Every structure is written in structure tokens, then in C-alpha cells.
Amino acid sequence: MSELNLTSAPAHLRHGSNIGQPLTRRDGILKVTGQATYAADNHPPGMLFAVIAAASIARGRVVSLDVAAAKRHPGVVDVMTPEHKPPLAIDPEIKTNPFVFRMEALQSNEVRYANQPIAVVIAETLEAATEGAALLAPRYETLPPLVGLDAGESFVPPVVGVGNPAESYHGDVEAGLAAADKQIDATYETPPQYHNAMEPHAVVAHWDGDRLSVDMPTQGLKLSLARIAELFGIAHDKIHVRSPFLGGGFGSKGLMGGPPVLGIMAAKLVGRPVKLVLRREQMYGPVGHRAPTRQRLRLGTDTEGRLTALDHHARTVSSTFDDFYEPAAGASHTLYAAPAIRTSHDAVRVNTGTPLFMRAPGEATGSIALESAIDEMAWACGMDPLAFRLKNYAEVEPMTGRPFSSKALRACYEQGAARFGWAKRPLQPRQMRDDAGLLVGWGMGTATFPALMFQAEARAAIRRDGSGVMEIGAHDMGQGAWTALAQIAADAVGLDIDSLDFKSGTSDLPDAGIAGGSAHTATAGAAIHSAGAAVIAKLADLATSDERSPLFGAGNAGVIAREGRLIRRDDESRSESYSEILARAGVAEIEARGTGAANPAAMEQYAMHAHGAVFAEVKVDPELGQIRVSRMVGAFAAGRIINPRMVQSQLFGGMIWGLSFALHEEAITDRRTGRIMNANLGEYHLPVNADVPPLDVITVEEHDPHVNALGIKGVGEIGITGSAGAVANAVWHATGVRVRKFPIRIEELLTQL
Amino acid sequence: MKQFDYVRPATVTEAVAAAAQPGAAYLAAGTNLLDLMKGGVSRPDRLVDVTHLDGLDQIETLADGSLRIGALVSNADLAHDAEFARSYPAVAEALLSGASAQLRNAATVGGNLLQRTRCAYFYDTASRCNKRAPGSGCDARDGENRSHAVLGWSESCIATHPSDFCVPLVALGAIVEIEGRGGRREIALDELHRLPGEAPERESVLEPGDLIVAVRLPPAARGFAAHARYLKVRERTSYAFAVVSAAAALRIENGRIAEARLALGGVAAKPWRARAAEDVLKGMAPTADAFQEAASHALKGAKPSGDNAFKIELARRIVLRALTLAATGTPARIPALPASPFASISGALHV
Ligand SMILES: Cc1cc2nc3c(=O)[nH]c(=O)nc-3n(C[C@H](O)[C@H](O)[C@H](O)COP(=O)(O)OP(=O)(O)OC[C@H]3O[C@@H](n4cnc5c(N)ncnc54)[C@H](O)[C@@H]3O)c2cc1C
Ligand code: SF4
């Protein structure tokens, strides 16, 4: 995407290093001036509009659609239904790999969840397609839907999350509980939540013979391309996917879902380019969500306040036709040093679109329950919640006994508590009031998220004019990949960021792996770093083996790359510019590739996690029960910080998400029909500006030599964890009322205040 | 979207004639109506756009001291009119507690009065709803109904009227001026909205073609300026409809309440004027006991229509607080968080 006009300010604050600089987003100007082209901004000539007709029942069968009425509507070109659609090369129900989820591509008349696509109307205008979809007036044979956490027989899923065991043990939990001096047994509930990225899912598909070009937001260019290839039976090199910008994804744009496939099918059916954009309410179904949970925590402590056992059980739901299980109890694996820990999951099947990864899947739901339970346990022991956490600080990973690759959590607790003023917190709840008489409470939570790595590849080149190129099909979801990865790239080839052509966001570039699991900067960054090192090594070879070079004889380890020159490590007066080296060698461009992936040996040896501590202050009206967060401080240790400005934004966003988890977000499902009754941003409440207090983020220095060559741990998801629990605990501390059902509603507080 | 005619009448008479036809609807700013049309909830054959009519966007003080607000005055212009906010502070506070700045800039006085319920089953065309499809049933009755009515509801409909603006207006005895096929008439705002009874589809007493041209605040409404507040509990600090709200206005003379006005929002299919509570307060000293008693009178006859018993207790407490705040006195400036329990937090900007 070198045609993008990326700029950044301020330029370097420090010479010789791009990493660590708080550069502004290089795509910022494009975005605020409306020049950043999102998928739905594309309008190839001849393009038609496709609109999905979605099921209004959650279970049953479509028995009729008035296709004739839709087709009669002026402007409607065609109506795609299970009976009239281009064939797919493979059945989309077949799971060809663990990252393939079943999707609705009109393969039958069965309805498995509300808002499932049942037809697609294609028309000359969006309005005509929309009215055409309304005119289909589907008739259904309706079956009673399965709804809620008690919908049917529960079962233990084979795995939860991505390949994690549903049950894990360490020590004897029942013995630990029996021996405990004090115990708590508490059950918490979290609601279904939807990603609600600002940018709806969209696709513009354009077939040219057997070549296909696709504009769509994706967090996984190569995975999407591979899925398109197998579904449509075409070779990878016939497909071009462009996804230079995403208006948020949060996991819902990670894996190829049904709607973009329907757009591509529609384009094939009509032989013209087609655009398909989901309406907001249509995002509540076919593109994933966070499943509800009910979590029971049983904790025991000895007379000193040391945990004797931690038992965490999570009930969740999956769809009737596929498997994804929110791994909520996994949150208890890493944080607290109990001699006995058991985590377990069970599930029921309900008529819902398959739940999927949503920002901190498992960690977010598990964290609010665990951190609430820890708070309850500390109170039962008469201990300050921070002192209790320190008493149970895990020096090694509790479940496995492995040492941590690095863990600056103690420093997070210290720095966060100091900034917040935690030491002044009264132990008893309902002790503090502000000038206006509002109840004030302080709560905290520990944040944690695993430091993951996927696999990525990058291509680096140095050109004769001394400039560099770095190519990687990475994904900027708004988090700042265009900036942070370019910073890594510039350092990797020893160039100023403005002398580097950083190409990203399309499927013809090397595979950057998926932008998920908070692992994108680490994985893509590692590939970029190694590609850069490889191309510099080649360049150094050219120079050091050439008698005419001032670097002759240095050996390629004996030079360093800086500001477009190779410099002799032991004698900085001897150096040569990249262009001089290439010109003499008569080479137009020199290139190399590099890869990034987890180091299995290190992973075997070390537990790798980012950590943090979040402190929150809330105010609660003592009679009316309305809650408002007034202050939050988060201190996080996540290895090397590539761009402090972007990292701070990610952590702010995570903390706001945590606040939202505790107080606002809930998809309300009609218990009789299984339909979501607030599938819009008016009634599905997210925090507005007036809900977001001054936020303070501290990034705690942490050097990790094991996670990857750059020492990056990732910050995309950790901000939610800890934060949600901190807010919930602050509500308890303000009121003395423990609400265990989230989000905390006025009615839960009202009668107990 | 369904095809419809769009007409832009030049005069009020033309507008009334055009809108009296079956299937016609007035279009003001459209912040409610267009959403309903996009969702297929309202499917008018003809939109009569009133936004270009002359003379309906004035705020005027009449000779007798009444204030007349044209139906096309925007919610924002009215709330930010300094003279208006000084004279009717609870109304300005209610307006500023509603929706968002962008919506208030667009939304009109007439449209605000006649905005439809936010009952999710009404918005959802796959659900049964007696208001949208008379006789089809009410899916809210046994559904997700924690925000539904606790006063004045019927078995056929338990929806609430969502307007904030209407709550202090009804407390202050506002009058609605209507132009219809039979010419000009006026009614008390309290009589504009109907309780559902057996016919929830009939939400107001307006007849086909009836156009609201103005809302009038009678001279007596000015007498409460020193002691008037609006209080709105909601599920986020801003940009949310009321769970329950109340407008309280007092005229205090020699330490006694000479006259009280009280209305509740979010509890019934209309802004709920609590006259019995007003009567209790007349002549009393403004004490917590008096307000307690008024609160229980205000909620007399309240009963849950579903999972919403908490709204009755909440309403009681809101009435008590709103009266207490009103007795304390109208603040010199509208708080930065209007009508919020957090209104006293300083340093915040208007939201
Ligand atoms: C996201 C969102 C949040 C909101 N939050 C709040 C809130 O917190 N509090 C609150 O009070 N409101 C809230 N609102 C509602 C908002 O106040 C109304 O949408 C607005 O006041 C309607 O005014 P309008 O001019 O846009 O009316 P329109 O949408 O144009 O019309 C509404 C109705 O009134 C009729 N009508 C309009 N003018 C006249 C007239 N002069 N004579 C006869 N009939 C007429 C129309 O035919 C239509 O039926 C919210 C709205 C949205 C979309
Ligand atoms: S409460 Fe009223 S508006 Fe809601 S579904 Fe029932 S009849 Fe319709």
C-alpha cells in the first residue's frame, strides 16, 4: 500500500532508535481527513448492493420466501436463496482446520439462531435491496429455542478456548478447602456481549473471470484468503484481499464468517461487483460474540490469609452447531499461589450464533469473577485486598511450577497503589463520602494476559538509493500497526522511518499471522526484526568481502547498521552508506526474508504473561443507586514498549472496556424467543464520555529476554482484565453491597443500600 | 425502504390538509420517525415535512406573561435560550438531560412531545405489539420488561412515554396549541397523551391532520423558577433514557409551600402528573417528612407490570430527592451533568 500517504509527528525525539518513540499514528491525517479507504468505501464500476435478509426466529425452518415480490421491486437484480446460489467448492460445514468455524452460506433452510442470514437481495441501490429484503416476508416453521445458561443437559466440552483442556488440576482442592480456616463460595454471572466494532462487517467483492478481488476488514489476511480459496475452489494466487484499515475488530473480524462469503457468492451470482455491509442489528448473530457465563468460585485460606485452595468452575454456552467455549476459569491458572487449584468448565447448547473470541476471551469473564472472589476472600480474612494479593503472590506459575520469563507485577502493585493513594483506603466498606454526600469506594484488581506468539514472515529490501522496503501483510485495527511495526522495521534496517517504504494490509504480502491474542506486534515485529537483520547481513557480506570497501575484512558480525550506513563496530570512523555499497556491487536491490514465531524451548521452560494492577474509585448515590466511576489508575508490565503513545491508548481502551463490563454492557435475550432485544447502540449501552473518568496509565519497566527477540509481550487485551473487577470491588467498597451479576444494575443495589 | 410521497406544504392549512389523508405522517427533524421507518415500524405512504413552515420557530412572551414556544424550535435552542432557562429552569435541565447534543440540535419541540415509546417489542416488527399492530398481543407483557410501566398500564400495553421534556412541562401545566381540520384549539399537555386502556395504538387525542403548532407555559409557571429541578436516573451518566425521572417545582412563601408541582417520567404511557402529592404539600413546611408523604402519594396505585417492581421504590426515592433539591433552590447555573445524581460533581463539561 505504498500509495498511502502516511505521515507522522513528532519526528524522532532521539537519534538512532525508532523503537520506544511516542510517534503519532502515521495514518492519522488520512483518517481525520476522510482519505483512509475502509472496505465499504470502495465502489468499483458497475457495483451492486447486497442486503442480507435475516431470520427473526432462533430455531426452525424457513418454509417460504416471497422471492417474486422482492424481484418485482424496481431496482432489484436478483435474490440469492438456498435454492438459487452459486455452488461452493466445499461444504462450509466441514471444519478443514481448527480455525474454521461453521457459517451460514445459505446451505439449507434450517434456522439455527436469530439474525441468521436466510437470503440475500442484490439491487442497483441500497434502498432497493433493503426494501427487497423486507418484501421477502419469510414464513417459518418455528421450534422452541434453547435459551440461557440452563437451556438443557450440560456437558463437559473436549476443549475450551483454543485447545485448552476443560479441566485442570494442581493439588487437592477438596482437602485444601476442608483444611481452610476461612472459606468463601460465591457464584457470579456475566452476560452475552457483542464486539460492536465501530465499522460494521463489510465486503466489496469483484470477480474478473476466475480472479477475485476482495475488500474487507480482516484481522487475518492469509487465513481469510485460504478460507475463500477452499470455499470457492480457486488458487491462492487468484485472490487479492485488501484490508488496509479496520474500524475495530476485537476478534469478530479474525476468522472468515458467513457474511463476507455471501457477498462474494452474490458477486459471482450476478457477474458484477457487489458490496455487502451488515446493519448494526445484523452484527448480533453471524459474526461472533462473548458467551454468557456463570462462575462458581470456592476459596479457602489458612489463619495467615494464605490460600489453601482455589476452585473455579465456569458454565458457558455454545451454539447448537459448532464449538467455542469461553475459557473463563483459565483466569485462575496464573495469578495466585494456591497449593491446590482446580479449574473446570461445562456448557449447554443454545440457539445462538457461535460465540467466538472477543477481546480477552476467557480472561475478561474469568477475571471479573476471580478478582471479585479474591476481594471477598480478603474481606473474610479481614485483610486489605492489596496485602492479600501480595501474601498470595505467585513467584512461579502456580499450576505448573515454571518460573516466569519476567514478572514485574510487584512493581505494578507498588506504583499503581502509590499513584492512586491506596494506602489511605479504609478496610471497612461504606466509610467514604464526597462533599456532595455520594458514597465513595475504592477497589482493585490484578490484570494478566498470556504473552503469545503466532507465526509470521516478512520481506526486507535495501534499494540502490539507500532507502529500504519492509513488506508484511499486517493488520491495523486502529491499534497503530502502521506506526509501531514501521518503527520496528526502521530499526531493523538501520534507517530513519521516513526512508523506509513500509507495505502492509494486503494478502499478496508475506503472512503476518493473525492480529489477535495480543500477539500481533510481537509476532509481526519478530518477523520484521529478523528480515531486517538478514538483509543487513547480506549487505554487510557485500561490503566486508570487497577490498574497495572501508569495511573490508570486518566480518559481517563486525558491523552495525545505523542511519543508512554500515559502521565498523570496533572503529566507528570506518563506515559506508547503503547506496555506496549497492552501487559498487552493481545491485539495484538486495532482499531477504525473516520469520517470527514462538521459541518452543523457551515456552517449555518459562511461563510467559503480561501483568498489571488496576485501581478504581467509584461514586454511588446512596439512595438512588446510580454508579459512576470517578478515577482509575492502571499499572502494567508488558515487556518492551514499542510506541508508548499507542500502548497507552490500548491500555486506556482496555480499562474503559473493563468499566463497561462491570457497569454497562449486556445483550438482552428474550427468554422465550432467543432474540436479542437491544441489538442497537442506543440500547446496548457502552460507556459514553461522561462515564469515562480521568484514566492514568503507568507502564512499568520490564525486560524479558525470553518471550521473543524484541522482548514484546502485547497490550491489546490485558487492560480489560483487572479493570472490570476493580470497578466491581469499588462498588462493594462504596456500598457494602456485593453484586455478583454483571453488569451491576441499579435494582441490585437499590433495595440493599 | 418503502416508497412514499414527500410533500412540503407552504402553509399550516396546506399541511393540515395534506396530513389528514390516510397514511400520512408529519415529519419534523425525523430523529424518531426516520428510525422507525428504516426499521419498518412506521410505514407511512406520505410524509408531510413541516420544517419549512414559517413562524413555528419562535419563542415569544405574550402580554399576559405566558411563554409560547413554536413547535419547530429545536430542543437545543430552547434549552440554551437564557431567558427561558432562567424562567423555567427545570424544563431546560430536562431538555439538556435528553439524548445527545447532536440529537438536541435537530429534534423539535413538537417531535419531542410525540416521540414514540422505546419498548423494544414495539421496535421489533417480528414481535407482537398491540400498539404497532392492534389486537396482535403484547410480547412485552411476559418478556424483558424491567424498564416498562408501573403506573397507568393495562393488560394490552405496558409501554412508557420516554420524553424528558414533557415531564416538567406537564408539571407546570403546559398547554398545547393544535391546528386541525376544524381550526385552532388548545388542550392541556396532561390531556395530550392517552393511557393505553384497550387501545394502545391511540397514543394521543390528536385526530388525523392535527398539527401541534406551539406549546404554551401559562403565567403561573414562572412562579416556580426559584425552586425547580429535574432529576433523571439512568444506566449511564449521559445519553440514556430515564429509568425513572421526576420534575419538582415549589413556590415557597414564608417558609411554607404555597404551591407544589410534581410529575414523573419513565413510569407510564404519559408524563405522570402527581396531583395528589402536590395537594399534600400545599401549606406544609418543606421538610423530609412532608416529602416522604408526598412521595408515597405520588406512587399510589403503582404496580409492577413485570420485572420492574424496583421502579416503584426508585420512583419514590427520586420524588423525595427531587423535592429536596427543589426546596434547596434552583442552582445559579444548570449543572454540567444536567438532572444527574452526579450533577454536583464540579469540573465536568456539558454533556
Ligand atoms: C439515540 C437516541 C436517544 C434519545 N434519548 C432521549 C432522551 O434521553 N430523552 C428524550 O426525551 N428523548 C430522547 N430521544 C428522543 C428525541 O428526543 C426525539 O427523537 C425527538 O425529540 C423527536 O423530535 P423530531 O423533531 O426529530 O421528531 P420526528 O422524528 O420528526 O417526529 C416524531 C413524531 O412526532 C410527529 N410530529 C412531529 N412534529 C409534529 C407536529 N408539530 N405536530 C404533530 N405531529 C408531529 C411525527 O409525525 C412523528 O410521529 C432520543 C432519541 C435517540 C435517537
Ligand atoms: S408494551 Fe405496548 S408497545 Fe410494548 S409490545 Fe406491548 S403493546 Fe407493544
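How much area is buried between chain A and chain B, and what percentage of that area do carbon and sulfur atoms give? The points below take up this question first and then move into chain A and chain B; throughout, please keep in mind that this is a predicted model.

1. The area buried between chain A and chain B is about 3300 Å², and carbon and sulfur atoms give 52% of it. On the side of chain A, the residues that lose the most area to chain B are Leu624(A), Gln626(A) and Arg628(A), which together make up 20% of what that side buries. Counted by contacts, the interface brings 35 residues of chain A against 41 residues of chain B.

2. Polar and charged groups also meet across this interface, where 19 residue pairs are in polar contact and nine salt bridges are found between chain A and chain B. One salt bridge to look at in the structure is that between the side chains of Arg671(A) and Glu144(B), with 2.8 Å from N to O. As for the elements involved, helix 3 (126-135), strand 28 (627-637) and helix 16 (746-750) of chain A each contribute at least two residues to the side of chain A that touches chain B. When the residues of that side are sorted by kind, 12 are nonpolar, nine are polar and 14 are charged.

3. Turning to the inside of chain A, strand 17 (residues 341-350) is a good place to start, because nine of its 10 residues are buried and the strand is therefore largely enclosed by the rest of the structure. Strand 17 of chain A runs parallel to strand 16 of chain A, and 10 bridges join the two; within this pairing, Ala314(A) has His345(A) of strand 17 as its bridge partner. Strand 17 of chain A also pairs with strand 9 (residues 168-170) of chain A, here in the antiparallel sense and over three bridges, and one bridge to find there is that of Tyr169(A) with Arg342(A).

4. Arg342(A), already met as the bridge partner of Tyr169(A), forms a salt bridge with Asp311(A), in which the closest N and O atoms are 3.1 Å apart. This pair links distant parts of the chain, since Asp311(A) lies in strand 16 of chain A and Arg342(A) in strand 17 of chain A, 31 residues apart. Both Asp311(A) and Arg342(A) are buried.

5. Is Thr316(A), in strand 16 (residues 307-319) of chain A, buried or exposed? Its relative accessibility is 2%, and because buried means under 20%, Thr316(A) counts as buried. The side chain of Thr316(A) reaches the backbone oxygen of Pro292(A) at 3.0 Å. Apart from neighbours within four places in sequence, the residues in contact with Thr316(A) include Leu149(A), Tyr325(A), Asp346(A) and Val348(A).

6. Asp215(A), which belongs to strand 12 (residues 211-215) of chain A, is a charged residue that nevertheless counts as buried, because its relative accessibility is 7%. A polar contact of 2.8 Å joins the side chain of Asp215(A) to that of Arg242(A). If residues up to four places away in sequence are set aside, Asp215(A) touches Arg242(A) and also, among others, Ala39(A), Asn42(A) and Val204(A).

7. Over all chains, a search of the whole structure finds 85 salt bridges, and a further one in chain A deserves a look. Arg738(A) and Asp375(A) form a salt bridge whose closest N and O atoms are 2.8 Å apart. The two residues are 363 residues apart along the chain, with Arg738(A) in the loop between helix 15 (723-735) and helix 16 of chain A, and Asp375(A) in helix 7 (residues 363-380) of chain A. Here again both partners, Arg738(A) and Asp375(A), are buried.

8. In chain B, the side chains of Arg273(B) and Glu278(B) meet in a salt bridge of 2.7 Å from N to O, and both Arg273(B) and Glu278(B) are buried. Elsewhere, salt bridges that share partners join Glu60(B), Arg68(B), Glu177(B), Glu179(B), Arg184(B), Glu186(B) and Arg216(B) into one network.

Notes. Residues are numbered from 1 along each chain as its sequence is written. Chains are lettered from A and ligands numbered from 1 in the order in which they are written. This is a predicted model: local features need pLDDT of at least 70, side-chain atom pairs count only at pLDDT 80 or more; totals for chains, interfaces and linings use all residues. Side-chain values use heavy atoms; hydrogens and water are left out. Buried means under 20% relative accessible area, exposed over 50%, partly exposed in between (1.4 Å probe, protein chains only). A polar contact is a pair of N or O atoms within 3.5 Å; within protein, one must be able to donate a hydrogen and the other to accept it, and residues adjacent in sequence count only if both atoms are side-chain atoms. Contact means heavy atoms within 4.5 Å. Buried area is the accessible area (1.4 Å probe) that two parts lose on being put together, summed over both. A salt bridge is a side-chain nitrogen of Lys or Arg within 4 Å of a carboxyl oxygen of Asp or Glu. Helices (H or I, at least four residues) and strands (E, at least two) are DSSP runs, numbered from the N terminus. Two strands pair if DSSP finds at least two bridges between them.
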